[in-house]
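Welcome to this guided tour. Open your viewer, keep the selection box at hand, and follow along from stop to stop.

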Amino acid sequence: GESIYNYPMTATVYLWNEGTSKYDELAGGMLEQYVVFDGEEHTFDFTPSANEKQFKISVLPANLGDGDAQVSPCELEFKVIDGYNIYNVADLSAIDNSNMGGKWTEYKTAHNIPLEVNTNTFILHNDITINRSDIPDIHFWQAGEQGITGSDDPAIGSLKDESNLGKEPEASIYKRTLTEGEDFVLEGNYFTLSAQNIPLIYKAEGETNRDPTKAITTHTCLIAIYARDVAEQQTMEEIQAKVTDGTYSTLDEAKDALIETAEINNIALTGNSNKSEDASLSGGLMFLKADECKITMNNNLSQRWYISYMGQGRAFRTYSEGSTESYQDFNLNKVNAFDSYSTIIYNSARTLNINDCNLIGAGGPVIINDYSKTNDGIAGSIGSVPHVYVDDSSVLQSFVAGTEGWFKTYEAAQILFGGLKAQNAFFDSDTAIDELGARKTFLSKNSSNVEVINFVAAFKSSEAEDATTSPIAASFEVAGADVALQLDFEKTVNYITDLAVMNGMLNDPQIQGGIELVKTQATSAGKTLTTYQAFQQLLVKNTDAKSAYNAAYEANLSKLQQAVTKGIIYIAPNGAICMPGGENPSEAKDKWKITPNKDLYKDVEDGYCYATVYGTIGAVFTIADVPATTQG
C-alpha cells in the first residue's frame, strides 16, 4: 500500500489543577493561553505561561468513523520547563559560561553555540558521548609542558589534573557559575551522558614526574557548579533580616530566593574509571563538583567515575553565637550509583540526606566525609561539620579487601583497614564469645574467597587528604537505628564514657531489675525495647539509677580520657562499646581497655558498626553474625 507520512490528528490538552488534584480540559482562550497545536505537523508550541506547569495531551487520528471506535487515545503527561535543549555533544558545551582562558570560544563559534546562554536549565534529548575532540586542547598535556620532553612520555594526551575551581581552566571541563539565588538544572530526560572515552589522568596535580603504575589522587571533574565566593554568601543572619524587613514572607522563602542550587534529574551517567586494584585507573574523572550551593540528585544512575558526586562548601553558617543553621544540604533521592574507583560520594562539610538509594561498589568507602575545623573567622563558628542521614530503604555497600588501588594512595586508610581486619579476631573468636555473649564479625568473603569488609563511610579532616592529628567532628544516623552515632571527636571522651558507664552498670542486679521492669511495661504498651533503650528510660524515671550513673560517669571520665586518644574504639549498632587493648585474640578477655558487657551485646543486631581511631579518623562498616554471608 501507499506510505503515509502525515496524517491529521486531533488533540485534547489538559492542565493539572493543584486545588482539585485532577486535570482540567483546556479550550478556547484558555487553550491559546498555554499552547498552539498544529494538527498536520503534529507540533505543540507552548507559550511562556505554560512554564513550570503540568499538562496531559490526549491524541487520536482525525475524522474517525463509527467503525473506528476501538481506537484508543495516546496520552502523555509532562511538565513544561524553560531551558536549553541539548541534542548533541556540541550543545553540551552551552553549560559552560565561565570560558576560563577563552578555552571554549573557538569550539562554540565553530558549532554555532552561544558563548552565553541565559537559562541555567539544560535538557537532554539524546544519548550523549563525549570524545577527546569535543574538549578544548587546554585540558590535555602537550610536549614541552611542565617537564614533558620526549614524544613517548605517557602523560602526552592525558587529561590534566587541577583542584582549584576558582582559578584554573583545567579544573573542570564544563563549569557553570551561578549568581545570587540562581538554580542550575540538568534534566536528563532518561538519556545517557557518557565520558567513557575521555583519556585518563597520569600526572597528579603539581607533579613533574609520573608513573602510570602509581596510584594518584585526582580532582578534575566533568561538570562544576560554582556558586558565589564565601565572602559573597549571605549569612543566616542576613537572610533572616530580609524576612524581618518584609522582603520575604518566611525564612524558607528567603533561603529559596537567595541560595544557589544544583539539581540533576533522570539521567544515566558513565565515567572512565572503575573500582580496581590497577593503580593506572586512579586517573579517572569525577562527574560533579558543586561548590557553595545546595545540591539535589533525583533518580540518577551513575557508574565508573573516580567519584560520582562531590559537594564542597560549609554545611553550617553561624548567625548567632553558638547557633547554626544548615542551608547547603546535599540530597540524593532514588539514586543508584555503582563501581567507583575511589568513592561514590565525597561530602565536604555538608548535611547529606540519602533517601531510597542503592550506593554499591567502590575502591574505598561508599562515602568520604570531611570536617573543617576552621570557618574563615566567622564569629561563633564551630567549624563545618558533616552530618549523614540514611533512610531505612537505602543500601550502602562497598566490600573491600584493602588491596584496591584507593588504599595504596592513603596511608591512614591502610592503617585503619589493617586494624579493623586484625582486631576482628576479638569479636570472632572462642575466647571472645563468653565476654561478648554473641559472636560477631566485620568480615565476610567475596566470590574469590577473599576476606572483605563492607566499608560504608570514612570521616576525616579536610585540612589534608589523609588523616591529621586534629580532632574531627561528624555524625552518622540511620533511620530506625537504636543509636545515632555522634562522631564528635572533640567530645569523644564524654560520649564514650557515657556508653561505657552504661555497659558497666548492667552488671548491677538492681539496674538489671529496673531495666526488666521498663521492658515489661513497654511490652504491655505494645512496644519492644532493647536493653540500651530501656536503660535510657530507666535513667529518666529512676532517681537512684540516675545518681549511680552520675557517680560512675565521674569516676570513669579521667580513666578513659587517655584510652580514647590512644586506640580504636568500636561502637555497636545498639550503643554497646569496646576497646581492644591487645593484638592477641587468645588473650582477648584480658585485653579489653573498655570491657563489652555480654548482656548488652546480646541485643546487637546485624547492622552498621562504628570505629573511631585516636579521635582523628572514623569509619562506618557493617557487623554480622558468624558465619558471615558470602558477598559478591
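**Stop 1: the cores**

Begin with Leu222, Leu359 and Phe476, the residues with the most contacts inside the largest nonpolar core, which has 103 residues. A nonpolar core here is a set of buried Ala, Val, Leu, Ile, Met, Phe, Trp, Tyr and Cys residues joined through side-chain atoms within 4.5 Å. Buried means under 20% relative accessible area, exposed means over 50%, and partly exposed lies in between, using a 1.4 Å probe and protein chains only. Now select residues 492-505: this is helix H9, which gives the most to this core, with 7 residues. Helices (H or I, at least four residues) and strands (E, at least two) are DSSP runs, numbered from the N terminus. Apart from the largest core lies another one, of 41 residues; select Ala171, Ala215, Ala611 and Phe621, which are among them.

Before moving on, note that this is a predicted model, where local features need pLDDT of at least 70 and side-chain atom pairs count only at pLDDT 80 or more, while totals for chains, interfaces and linings use all residues. Residues are numbered from 1 along each chain as its sequence is written, and side-chain values use heavy atoms, with hydrogens and water left out.

**Stop 2: helix H10**

Select residues 509-524 to see helix H10, whose 16 residues reach 23 Å from the first C-alpha to the last. That is close to the 22 Å expected at 1.5 Å a residue, the expected span being 1.5 Å times one less than the number of residues. Which residues of H10 are buried? Colour Ile511, Gly514, Ile515, Val518, Lys519 and Ala522 to find them. They cover an arc of only 135° around the axis, which puts them on the same side of H10. The arc is that of the directions from the helix axis to the C-beta atoms. An α-helix has 3.6 residues a turn, so residues three or four places apart point the same way. Give another colour to Pro509, Gln510, Leu517, Thr523 and Ser524, which are exposed on the other side of H10.

Next, look at both ends. At the start of H10, a side-chain oxygen of Asp508 comes within 2.7 Å of the backbone nitrogen of Gln510. A polar contact is a pair of N or O atoms within 3.5 Å; within protein, one must be able to donate a hydrogen and the other to accept it, and residues adjacent in sequence count only if both atoms are side-chain atoms. Just after H10, Gly526 takes a positive phi of about 80°.

**Stop 3: helix H5**

Select residues 251-258 for helix H5, where Ala254, Lys255 and Leu258 are buried. Seen down the axis of H5, its buried residues fall within an arc of 100°, so they line one face of the helix. Turn to the other side of H5 and you will find Asp252 and Asp256 exposed. At the start of H5, show the side chain of Thr250: one of its oxygens reaches to within 3.1 Å of the backbone nitrogen of Glu253.

**Stop 4: the rings**

How many aromatic pairs does the structure hold? There are 19 aromatic pairs. Rings of Phe, Tyr and Trp (its six-membered ring) pair if their centres lie within 6.5 Å; planes under 30 degrees apart count as stacked, over 60 as edge-to-face and the rest as tilted. Select Trp16 and Tyr23, an edge-to-face pair at 4.9 Å centre to centre with 75° between the planes. Trp16 is partly exposed at 27% relative accessibility, whereas Tyr23 is buried at 16%. Then select Phe37 and Phe44, a stacked pair at 4.7 Å centre to centre with 25° between the planes. Add Tyr34, Phe46, Phe55 and Phe78, which ring pairs link into a cluster.

Two lysines come next. Lys56 has its charged end over the ring of Tyr14, 4.9 Å from the ring centre. Here a charge sits over a ring if NZ of Lys or CZ of Arg is within 6 Å of the ring centre and within 35 degrees of the ring normal. Lys160 lies over the face of Trp141, at 5.0 Å from the ring centre.

**Stop 5: the loops**

Stay with Lys160 and add Gly206: the two are 46 residues apart in sequence and 10.0 Å apart in space, C-alpha to C-alpha. Gly206 lies in the loop between strand E11 (183-194) and strand E12 (221-226), and Gly206 is exposed, with a relative accessible area of 64%.

Finish with Glu52, in the loop between strand E4 (43-46) and strand E5 (54-61). Glu52 has a positive phi of about 70° although it is not a glycine.
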